[in-house]
Amino acid sequence: MKFSKKSRYGLTALIDLSVYSKSGHVALNSIAQRNGISVQYLEQVFGALRRAGIIKSIKGPQGGYLLGRSSRCITVAEVIEALEGSYHLADEIAYEGRGNAAAASVIQHQVVETVNAQMDRLLQGITLEDLEREYANYQSNNETMYYI
């Protein structure tokens, strides 16, 4: 499984939105500028996130974006599914007709289902709140470092 640029940028923009939306809505161009992401690309990403209910938009010249719900309720799994579709490995059973059905069944149950269950457990267990907290820790640790 490859973690796509779309998912990376989406999570980066959501961390930014979570941090900066505490005092109100955030303009897309501000998020883009702070993170070095093109506004046009973020428009596509935010369109998918808005359709999934992860964020909401405020129209107008003073518009912007807010989280659709609390950051503790938004999981990495939900974000990836909104941006990419399913992150699960494809079912091996679909290939049964083309060879050894017993081997396909074993692979399905021992590999595919196990990997998918572990990915679900992991990605559903990480929230946007967790990412924001880690981001804040990283930021505060880097502020105290001096470089010569």
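**Close-up 1. Aspartate 130 and arginine 133 form a salt bridge in helix H6.** In this predicted model, aspartate 130 is partly exposed, because its relative accessible area is 27%. Arginine 133 also counts as partly exposed, at 45% relative accessibility. Their closest N and O atoms are 2.7 Å apart. Along helix H6 the two residues are 3 places apart, so about one helical turn separates them. Why does such a spacing suit a pair of side chains in a helix? An α-helix has 3.6 residues a turn, so residues three or four places apart point the same way. The count for the model comes to 5 salt bridges.

**Close-up 2. Glutamate 132 meets lysine 22 in a salt bridge.** The N to O distance is 2.9 Å. This pair links distant parts of the chain, 110 residues apart. Glutamate 132 belongs to helix H6, which covers residues 128-143. Lysine 22 sits in the loop between H1 and H2. Are the two partners buried or exposed? Glutamate 132 counts as buried, because its relative accessibility is 12%. Lysine 22 counts as exposed, at 61%.

**Close-up 3. Arginine 34 has two partners, aspartate 16 and tyrosine 20.** With aspartate 16, the arginine 34 side chain makes a salt bridge of 2.8 Å, N to O. Arginine 34 lies in helix H2 and aspartate 16 in helix H1, 18 residues apart in sequence. The charged end of arginine 34 also sits over the ring of tyrosine 20, 3.7 Å from the ring centre. Arginine 34 is partly exposed, with a relative accessible area of 38%. Aspartate 16 is buried, because its value is 5% and the cut-off for buried is under 20%.

**Close-up 4. Helix H1 runs for 16 residues.** From its first C-alpha to its last, H1 reaches 22 Å. That is close to the 22 Å expected at 1.5 Å a residue. Which residues of H1 are buried? They are Ser7, Gly10, Leu11, Ala13, Leu14, Ile15, Asp16, Leu17 and Ser18.

**Close-up 5. Lysine 6 of helix H1 touches residues far along the chain.** Leaving out residues up to four places away in sequence, lysine 6 touches Tyr41, Val45, Leu83 and Glu84. Take tyrosine 41 as an example. Lysine 6 and tyrosine 41 are 35 residues apart in sequence, and their C-alpha atoms are 8.6 Å apart in space. Lysine 6 counts as partly exposed, at 28% relative accessibility.

**Close-up 6. Two aromatic pairs turn up in a search of the whole structure.** One of them joins tyrosine 9 and tyrosine 41. Their rings are 5.6 Å apart, centre to centre, with 90 degrees between the planes, and the pair is edge-to-face. Tyrosine 9 lies in helix H1 and tyrosine 41 in helix H3, so the pair ties together parts that are 32 residues apart in sequence. Both tyrosines count as partly exposed: tyrosine 9 at 28% relative accessibility, tyrosine 41 at 25%. Phenylalanine 46 and tyrosine 65 also pair, with ring centres 4.9 Å apart. Their planes meet at 85 degrees, so this pair is edge-to-face too. Phenylalanine 46 is in helix H3 and tyrosine 65 is in strand E2, 19 residues away. Phenylalanine 46 and tyrosine 65 are buried.

**Close-up 7. The largest nonpolar core holds 29 residues.** Which members touch the most others? They are Leu14, Leu17, Leu42, Phe46, Leu49, Ile55 and Val79. Several elements each supply at least two core residues: helices H1, H2, H3, H4 and H5, and strand E2. Now look at leucine 42. Beyond its neighbours within four places in sequence, leucine 42 is in contact with Ala13, Leu28, Ile31, Ala32 and Ile37.

**Close-up 8. Threonine 75 sits in the loop between E2 and H4.** Is threonine 75 buried or exposed? Threonine 75 counts as buried, because its relative accessibility is 16%. Its contacts, leaving aside neighbours within four places in sequence, are Leu123, Gln124, Ile126 and Thr127.

Conventions: Residues are numbered from 1 along each chain as its sequence is written. This is a predicted model: local features need pLDDT of at least 70, side-chain atom pairs count only at pLDDT 80 or more; totals for chains, interfaces and linings use all residues. Side-chain values use heavy atoms; hydrogens and water are left out. A nonpolar core is a set of buried Ala, Val, Leu, Ile, Met, Phe, Trp, Tyr and Cys residues joined through side-chain atoms within 4.5 Å. Buried means under 20% relative accessible area, exposed over 50%, partly exposed in between (1.4 Å probe, protein chains only). Helices (H or I, at least four residues) and strands (E, at least two) are DSSP runs, numbered from the N terminus. Contact means heavy atoms within 4.5 Å. Rings of Phe, Tyr and Trp (its six-membered ring) pair if their centres lie within 6.5 Å; planes under 30 degrees apart count as stacked, over 60 as edge-to-face and the rest as tilted. A charge sits over a ring if NZ of Lys or CZ of Arg is within 6 Å of the ring centre and within 35 degrees of the ring normal. The expected span of a helix is 1.5 Å times one less than its number of residues. A salt bridge is a side-chain nitrogen of Lys or Arg within 4 Å of a carboxyl oxygen of Asp or Glu.
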